[in-house]
Amino acid sequence: MKSRIPVVLLACGSFNPITNMHLRLFEVARDHLHQTGMYQVVQGIISPVNDKYGKKDLVASHHRVAMVRLALQTSDWIRVDPWESEQAQWIETVKVLRHHRSELLSSLPQMEDQDPKTAPSAPAAVPELKLLCGADVLKTFQTPNLWEDAHIQEIVEKFGLVCVSRSGHDPKGYILDSPILRHFQHNIHLAREPVQNEISATYIRRALSQGQSVKYLLPDAVIAYIKEHSLYTKDGSCKGQGTQRSKGKTS
């Protein structure tokens with residue numbers, strides 16, 4: 001394992017609310033990268049979108065961050081990062097990747113200092129940062145005026161993608177249909193989820209608004225939080241809705 005390339009997986013999106021499917025993406029992606037024999041996933045990061053993204057029914061970011069934190073109580077390698085949600089404005093996914101890449105670089109000396117066995121002549125390798133997404137996000141790269149071509153290229157060329165399959169999607173086809181994705185397909189890892197999990201946050205919100213059970217679709221701690229704060233109810237208590245819908249953001 002020591003000779004493998006360390007990788008940090010970053011997932012951006014609404015997480016409105018976070019579901020068990022979101023958590024499964026990380027596990028499936030980690031297994032896939034480990035099975036290549038080339039990589040060692042050392043960390044996962046969930047970055048909830050800024051309130052100014054303007055997506056319908058988007059609850060305030062402090063609620064979404066809190067729910068993700070509760071969902072990750074049982075994970076020993078994934079964490080939530082509120083940086084994106086705390087910015088004054090919505091920012092593109094590529095800029096979130098740049099930020100976390102910078103954070104990894106700045107933390108490297110501390111990582112070395114924490115390991116007394118690391119020889120001074122052999123500095124720790126800088127982990128690769130890869131964007132984790134579902135195949136539905138890969139498809140959005142084809143949506144006109146949603147992503148800037150320069151941003152798509154930077155994501156796949158400088159960072160890389162780990163895309164987890166979803167029912168009804170053809171990720172290989174999406175790659176072949178895009179000149180940019182096709183050119184950098186060596187840096188796009190397609191992971192297959194053997195257990196098709198079609199839990200959607202949209203369905204969760206609809207079920208909650210109708211008073212239906214969502215048990216086993218979300219972590220129990222998240223369900224308890226939603227009830228405590230009366231989120232996604234019929235009266236439309238979806239606080240923190242933004243007014244701006246912009247380019248280049250996973251959903």
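How many helices and how many strands are there in the protein chain? With the whole chain selected, you can find nine helices and six strands, where helices (H or I, at least four residues) and strands (E, at least two) are DSSP runs numbered from the N terminus. This is a predicted model, in which local features need pLDDT of at least 70, side-chain atom pairs count only at pLDDT 80 or more, and totals for chains, interfaces and linings use all residues. Residues are numbered from 1 along each chain as its sequence is written, and side-chain values use heavy atoms, with hydrogens and water left out.

Next, select helix α2 (residues 61–71) together with helix α9 (residues 220–228), which pack at an angle of about 150° with their axes 8 Å apart; axes are lines fitted to C-alpha atoms, for helices over the stretch in contact, and angles run from 0 to 180 degrees between N-to-C directions. That angle makes α2 roughly antiparallel to α9, a term for angles over 145 degrees. Show the side chains, and you will see His62, His63, Ala66, Met67, Leu70 and Ala71 of α2 meeting Ala221, Val222, Tyr225 and Ile226 of α9, where contact means heavy atoms within 4.5 Å.

Now move to Arg166, in the loop between β5 (161–164) and α6 (171–177). Is Arg166 buried or exposed? Arg166 counts as buried, because its relative accessibility is 17%, and buried means under 20% relative accessible area, exposed over 50% (1.4 Å probe, protein chains only). Leaving aside neighbours within four places in sequence, Arg166 is in contact with residues including Met21, Asp136 and Gln196. The C-alpha atoms of Arg166 and Gln196 are separated by 6.9 Å, although these residues are 30 apart along the chain.

How values were computed
Parallel < 35°, antiparallel > 145°, perpendicular 65-115°, else oblique.
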